[in-house]
Amino acid sequence: LIAAITSCTNTSNPSVLLAAGLVAKKAVEAGLKVKPHIKTSLAPGSRIVTQYLTDTGLLPYLEKLGFDVAAYGCTTCIGNAGDLAPEINEAITGNDLVCAAVLSGNRNFEARIHPNIKANFLASPPLVVAYAIAGNVMTDLMTQPVGKGKGGKDIYLGDIWPTGDEVQRLLKFAMKGKAFRENYGQIADNPGKLWEKIKGVSGEVY
């Protein structure tokens, strides 16, 4: 019911974020869509991630599959994904269903992600995208189609999975030292109005 690319762990690795974007691109081009009952989100650990996904032209494909940037920081891993639709919650509690989430974070114990989700699976960002499309963690992505694409054609994981060379060609967009310096320089130079409104005190005790 939840497919989340989260800020911790994997979003510090540009290779897997670019791979997720490439999976999304190939999936959209093949005519695949995320199942309507899946709640998706993308929470990068840094604005740099958004920048290189934009520079590579991959962010629009993630957004087409519902992986819009929700925040920068902790979200799904600490239960901040937001609630599920009321009718879904009612179906879970009324029928004692065991439902699942797939996320690229590092927390997966029961009720951590959502009070009504008992099974939480950790996966790489590109696999999070793939399972969002499949819509069911019981799908064997090694042997079963991820979904049906244009013309009702069965699309398999191998059809949308990027090669190492494809990822490698895009890594240069994530390795721009100037972009990192400019981005993190804003923290000191332009932290934002909300941050500036926080009143601090001086002294030995925080």
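**Packing of helices H2 and H8 and the enclosed cavity**

In this predicted model, the axes of helix H2 (residues 47-55) and helix H8 (residues 177-189) come within 10 Å and cross at roughly 135°, where axes are lines fitted to C-alpha atoms over the stretch in contact and angles run from 0 to 180 degrees between N-to-C directions. Helices are DSSP runs (H or I, at least four residues) numbered from the N terminus. H2 is therefore oblique to H8, given that angles under 35 degrees count as roughly parallel, over 145 as roughly antiparallel, 65 to 115 as roughly perpendicular and the rest as oblique. Arg-47, Ile-48 and Gln-51 of H2 meet Ala-179, Phe-180, Asn-183 and Tyr-184 of H8, contact meaning heavy atoms within 4.5 Å. By class, this contact has four nonpolar, two polar and one charged residues (Ala, Val, Leu, Ile, Met, Phe, Trp, Tyr, Cys and Pro count as nonpolar, Asp, Glu, Lys and Arg as charged, and the others, Gly among them, as polar).

The largest cavity (on a 1 Å grid over the protein atoms alone, a set of points where a 1.4 Å probe fits but cannot get out, with lining residues having an atom within 4 Å of a point) is lined by Ile-48, Gln-51, Tyr-52, Asp-55, Phe-173, Ala-174, Lys-176, Ala-179 and Phe-180. The elements that give two or more residues to this lining are H2 and H8, and the largest share, four residues, comes from H2. The lining residues divide into six nonpolar, one polar and two charged.

Residues are numbered from 1 along each chain as its sequence is written. Local features need pLDDT of at least 70, side-chain atom pairs count only at pLDDT 80 or more, and totals for chains, interfaces and linings use all residues, while side-chain values use heavy atoms, with hydrogens and water left out.

How values were computed: 1 Å grid on protein atoms, 1.4 Å probe; cavity = no way out; pocket = protein on both sides within 12 Å on 5 of 7 lines; lining within 4 Å.
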